[in-house]
Each structure stands twice: as structure tokens, then as C-alpha cells.
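Biologist: I'm new to this one. Can you pull it up and walk me through it?

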Amino acid sequence: MKTVFSRPASLKDVATHFCPGCQHGLIHRLVADAMDHFGVQQQTIGVASVGCSVFLYEYFDIDVVEAPHGRAPAVATGVKRARPESCVFTYQGDGDLAAIGTSEIIHAANRGENFTALFVNNTTYGMTGGQMAPTTLPGQRSLTSPEGRDVALDGYPMRMAEVIAALDGTAYSVRVAVNSPKNILAAGKAIKKAFEYQLENKGFAFVEVLSSCPTNWGMDALAANERVETEMIPYFNLGTFKERS
Amino acid sequence: MSERQLVAGNIAVAMGALAAGCRHYFGYPITPQSDIPAYMSAELRKLGGTFIQAESEIASINMLLGASACGFRAMTSSSSPGISLKQEGISYMAGSELPGLIVNICRSGPGLGGIDASQADYFQSVKTGGHGGYRTIVVAPASVQEMYDLTILSFDLSDRYRMPALLLADSLVGQMKEALELKPYTLPSDLPAKEWAVTGKLWRSDQRIVKSLYLGEGELEQHNWKLWRRAEELKEKEQRSEGKYLDDAKLIVTGFGSAARIAKTAVEMAREAGMQVGFLRPITLFPFPEKAFAEATVSCKQLLCVELSTGQMVEDVRLSVARDAEVAFYGRPPGTGSLPTPEELFAQIQKHYGKGA
Ligand SMILES: Cc1ncc(C[n+]2csc(CCOP(=O)(O)OP(=O)(O)O)c2C)c(N)n1
Ligand code: SF4
């Protein structure tokens, strides 16, 4: 019998702590697929951030360093410069990357650090209970924007894939989603490409993945998935914003 | 034979770090420590090491965390406001049991303050400026030679006890030039292998995880007891101090770093005047040389503590001396023109000498 679907070797055979319908798990799988694809599980050092994905080491069977909130790109810089032979990736949420850690991600990209940065945009602070994030959409209700995000007072959602693409140090910057089989396939490809950039020493590669947070959006899994299509993608357009050859 | 050179204290730190095998430096510009990154930027790239002028002190301490997690000797240097920004990272390093050297060429504060020599970061360094209850090694050089030697010692202790080390000095010690003997360095053969360092799993089946999050029942308590035990062992084994004229002393003058330099001159003046004045200088601030103070105050009951601040180390001196010893304090808040002269300190010695007798 031919195996057409199996758990990637880089992913541990354990149940995750993610809420039902949360897409962090799906994204973890795509990252594990990429490590398997390039056969780099034994060379990879993951850098975890602070947010719902802090338990990276519980799910990926790789060496992991845990970074303070927002600082994963700085920690990964230290790791990759010290061990240039290893494969290094960061995995951050939108509070982590686009608020407290804006400076670290921008400068890591601008230095052209040769690691792979994964950015999970779920338009909210998941772990702390659903506060407004830098990516929260105009009008979106959250724990700290009970009347909806008021752009006059709260500013606008940040399109990080475009911001990162604008920097000369960035080699690759894309935005993908995992809300449909078609999008999942495209996301898998983009993540693989982002690893490939690193493995070929081509420099900083950034993948923004639109993701759902049913718990803090107050929706069931299906409705949350639908919201990615109807509300997020129109604001956060999918696409490749930088692809240095 | 070892080589002698005339160098500034800051350069001696950089040279000591290179001698100790540190090949990764991460920093951000701030006076009065800028000679260190300038030197490192020139040397490290020649040696194939890493020099990064980061976007902030926050980024640089976290780069240090990353390089250290890989098992390499790594460092950062800064001055007071920058060290404040590094505190979260230092706490994470302590929680993650990571070694690493953080150099503070202290300036005066609070806030932007000034760039004058200051010892007002004693509390922040020794009592730890970050959150959560941890300890770091703290050394306080008082000469160019010690800037070099204690940099090397910091790396060794930091690796041995798996905790960050702070080197606390100021512009006086950092910028003065003295003869430096470049002693050859060999890695202590009994330093434990870094079997915790991330490398990628390579041949291993087990993961290596560098982290400070412990959510399991009882885990964090056990982790903290482990950190505490290490700090206790450090206290037991690694106290260092310099003593002079202690045997017949009727008054002991104490201070660390640059204040101790001035105090020592004042002590010599007192000796020349026939006064039985001793000198005791902590070299490690954590662990504080409690044993030396306890021993010295079995017979001498009068002390004078001198600091370039309104009094911080004096609290640890008071905790360490014999119960019937009296500890007077003299210091001035750091700022332009506030550096005490040897004559000023000699006058203080005269004021307190013979009081307890
Ligand atoms: C310095 C600091 N500030 C605040 C926090 C609290 N905190 C933990 S996770 C988090 C944000 C998580 O949101 P996000 O990065 O969007 O990731 P998600 O949980 O949504 O995956 C915050 C603010 C912290 N741990 N450290
Ligand atoms: S809170 Fe949101 S982001 Fe966090 S696990 Fe639950 S659904 Fe996922």
C-alpha cells in the first residue's frame, strides 16, 4: 500500500494545546513538512516567541531556544551568526512581531540575516485573551477595543509582509493563508521556499500566514475560517511582495 | 614571558574577552564604553567572529542570549541607561541558565544623568535589576590589569555556574591607561562541557531546549531551588577581595572599583601619618566577600565605606561585619565635580579614626 499522508518526522506525535479550529497547528505542520522536505530536522534550531506558540519545543522534534516577547529575531541573529551551518527559524505572533518586537524584526530583515521568519497574523493577542493587536482590523471588536478598532484613535492595521518587503535586506517576503486546501498548498510551498532561501544562503525570508483565533474572535471554527476569507484577505492581500533571485 | 602594553581599561576588557575565547560581541553605542565596540569591531571580523552593532541594547542582549544558547562565549557592553534596557534579557538568561558577559561602564544618573564616574548602579547590579529573583556574578575591577583579568574570570565563572556575569566599572577605570600584562590564558580543564547548548540535534535523538518557562506542577519551584543552590555554591567558593594593613588596623577603609583607588591613596596617607588604618576592597560584589569582612572585624570594630554614590554597597558591608562593628559612610552622588579627592577622604579617615577605640 502506498502512504499518501503521514505525520512529518519533525513533528512529535502529541496532542497540541491549541483551541479547536486554531490554525497554529496547521501552520506547525507546514513548517515540519518543510524541514522534512529539505532533510534538515537534525540541523534545525527553532526560536520560539511568547504567545500561543511558545510551546514550539513540545511539538517540533528539534532543538529550541525560547526568546523573550518580541525578541525572537534578535535571538535568532545570535544563534545563526554563532552557528551559520544550522538551519534557524523564528515563529512569532502579531503582538510579538508587529508590536513589542517591531524593531527586532525590521532590523533583522534589514541586516539580511540568513534565517527564516514565520509570522502568524491572527489579528489579535491570543495568549493574553484577545486584546487589540497591531493587525486588528478597523471596526474589529476585541477585549481592548470593545466598540471596534477606531482608526482615528488606535491607528491602522499593519501590513507586515509589505513593510518587510520594502527593506533592501529582505530576500523573500510573502503573505499566505491556510483557510482552504488551495491556500494551504500555496502556504506550504511558500514556507518551503523560505527555508530554501536560507539553505542557499540567500538571506532573510519572511512568511506571513493569516490565521484564525476562534476563541478570541468569539466564533466557531468554521465561522472563523470563513472570516479569514471575507474580512482578512481583502485587507491583507495574499501575494509575494519580494522575491530576490 | 608575557607581554606588557600601555592600554586603557576599556581596551583591556576587550583584550581579555578575546583572550578568553569570546568571538561574539553585540552592542549599541553609549559613552563611556565606546572604545570596547570600536576595538571589537576591528578585531572580531579579522578573527572570523561576530560583531554586531545592534538596533538597541534590548536587541544586543538577546543576540547574546542566542549566541550563548549555542554554547559560545559571547558578550555585550553598555553603560547605565543601556544596562537598564538589558534587564529583561538578563533575567531570561539567568532563568535559562545561560552564561555570558555583560559589561557596564557605569555613568551617573538617574535618567540621562551625566557621563561622570559613578557607582550608583551597585544595587541594580548586585541586587539584580530584572524580575523574578535570580543572581548574577558581579565583578568590580579597580585597575586596567583587573579589567583584563576579571573579564577572563567572569567568562570562567559564568560558564562554571551557568549564570550571566556582570563587570561593573566606570569611566575612571575604563578610560585610564596603565601597564597591562597579557597573561596567556588556558581554559580551566575542569569546566563542565556545555551539554545543554543547542546545535541542531545532529546525531542526538533527544532535544535540547533553552528556556525559562516552567508551567508543570512543582517544576518552577524546583528550577528556582536549583538556581539558588548554584548561587550558594558561588558564595561559598568564589568570594574575592584585596586586603592591606588589616592585622593591626584600628579603622578599615572599604570601597570598590574607582572609589577604592582613591581610598587606597588616602589609606597610604594615613599610614604615613602613623595611623593604623587598613584597607579592604571587594573584588567580587556578588558573591560579596562576607568572609573577609567577618574576619577583619573580629579585631577591628571601626569601618569607613567610601562610594561614588549616596551609599549602596555600605548595606552589604553592614550585613557582613561583626555585630559590634560600626560602619560609617562617606560618598557623594555622582556628577561633574563630585569625585572625592584623596585629601577629602583622608579628612574622613581623621574624623572617624579612634572613635570606636
Ligand atoms: C514583556 C512582556 N509583555 C507582555 C507579555 C504578555 N504577553 C504574553 S503573550 C502576548 C501576546 C501574544 O499575542 P501574539 O503575539 O499575537 O500571539 P498569539 O498568542 O496570538 O499567537 C503578550 C502581550 C509578556 N509575556 N512579556
Ligand atoms: S487563543 Fe487563539 S491563537 Fe491561541 S490557541 Fe486559542 S485559537 Fe489559537
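**Sheets, ligands and odd spots**

Modeller: Sure. This is a predicted model. Let's begin in chain B, where 5 strands make an open sheet with mixed pairing, in the order β10-β12-β11-β14-β15.

Biologist: Which strands are at the edges of that sheet?

Modeller: β10 (241-244) and β15 (326-331) of chain B, and each of them pairs on one side only. From one strand to the next, the twist averages 20 degrees.

Biologist: What packs on the sheet?

Modeller: Helix α13 of chain B, residues 342-352. The helix touches β11, β12, β14 (302-307) and β15 of chain B, and its direction makes about 155 degrees with that of β14(B).

Biologist: And how do β11 and β12 of chain B run, parallel or antiparallel?

Modeller: They run parallel. Strand β11 (residues 251-254) and strand β12 (residues 277-282), both of chain B, are joined by 4 bridges. To find one on screen, look for B:V253, whose bridge partner in β12(B) is B:F279.

Biologist: Okay, what about the sheet of 7 strands, what's the order there?

Modeller: That one is in chain B too, with the order β3-β2-β4-β5-β7-β6-β13. This sheet is also open, with mixed pairing. Its edge strands are β3 (50-53) and β13 (284-286) of chain B. The twist there averages 20 degrees from one strand to the next.

Biologist: How many bridges join β2 to β3 in chain B?

Modeller: There are 4, and the two strands run parallel, with β2 covering residues 24-27 of chain B. Within that pair, B:Y25 stands opposite B:F51 in β3(B).

Biologist: Which strands does helix α2 of chain B lie across?

Modeller: Helix α2 (residues 35-46) of chain B lies across β2, β3, β4 (74-78) and β5 (101-106) of chain B, at about 140 degrees to β3(B). Another helix, α7 (residues 144-161) of chain B, lies across β4, β5, β6 (137-139) and β7 (165-170) of chain B. For α7, the angle to β7(B) is about 160 degrees.

Biologist: Changing topic: ligand 1. Which residues come nearest?

Modeller: A:C52, A:D94, A:G95, A:D96 and A:G126, out of 17 residues around ligand 1.

Biologist: Why do you call the site shared between chains?

Modeller: Because the residues that surround ligand 1 come from chains A and B.

Biologist: Which bits of chain A each supply at least two residues of that shell?

Modeller: α4 (94-100) and β5 (124-125) of chain A. The largest share, 4 residues, comes from α4(A). By class, the shell around ligand 1 has 5 nonpolar, 9 polar and 3 charged residues.

Biologist: What sits 2.9 Å from an oxygen of ligand 1?

Modeller: An N or O atom in the side chain of A:H24. Backbone atoms come into it as well: a polar backbone atom of A:C52 is 2.8 Å from an oxygen atom of ligand 1, and a backbone N or O atom of A:D96 lies 2.8 Å from an oxygen atom of that ligand. As for cover, ligand 1 taken alone exposes 590 Å², and the protein buries 76% of that.

Biologist: And what surrounds ligand 2?

Modeller: The surrounding residues include A:F18, A:C19, A:C22, A:H24, A:C52, A:N122 and A:G126. A:C213, A:P214, A:T215 and A:N216 are in the list too. Helix α9 (residues 214-217) of chain A supplies the largest share of that shell, 3 residues.

Biologist: How many charged residues are in that shell?

Modeller: None; the shell around ligand 2 has 6 nonpolar and 5 polar residues.

Biologist: Last thing, the backbone. Which peptide bond into B:P32 do we have, cis or trans?

Modeller: Cis: the bond from B:T31 to B:P32 has omega near 5 degrees. B:P32 is in the loop between β2 and α2 of chain B. The bond from B:F286 to B:P287 is cis as well, with omega near 5 degrees, and B:P287 is in the loop between β13 and α11 (290-296) of chain B.

Biologist: Why point those out?

Modeller: Because most peptide bonds are trans, and most residues other than glycine have a negative phi.

Biologist: Where is B:R162, then?

Modeller: In the loop between α7 and β7 of chain B. B:R162 is not a glycine, yet it has a positive phi of about 50 degrees. B:L202, also not a glycine, has a positive phi of about 50 degrees, and B:L202 sits in the loop between β8 (177-182) and β9 (209-210) of chain B.

Note on methods: Residues are numbered from 1 along each chain as its sequence is written. Chains are lettered from A and ligands numbered from 1 in the order in which they are written. This is a predicted model: local features need pLDDT of at least 70, side-chain atom pairs count only at pLDDT 80 or more; totals for chains, interfaces and linings use all residues. Side-chain values use heavy atoms; hydrogens and water are left out. Two strands pair if DSSP finds at least two bridges between them. Axes are lines fitted to C-alpha atoms, for helices over the stretch in contact, and angles run from 0 to 180 degrees between N-to-C directions. Contact means heavy atoms within 4.5 Å. A residue is near a molecule or strand if one of its heavy atoms lies within 4 Å of it. A polar contact is a pair of N or O atoms within 3.5 Å; within protein, one must be able to donate a hydrogen and the other to accept it, and residues adjacent in sequence count only if both atoms are side-chain atoms. Accessible areas come from the Shrake-Rupley method with a 1.4 Å probe; for residues, only the protein chains shown count as cover. Ala, Val, Leu, Ile, Met, Phe, Trp, Tyr, Cys and Pro count as nonpolar, Asp, Glu, Lys and Arg as charged, and the others, Gly among them, as polar.
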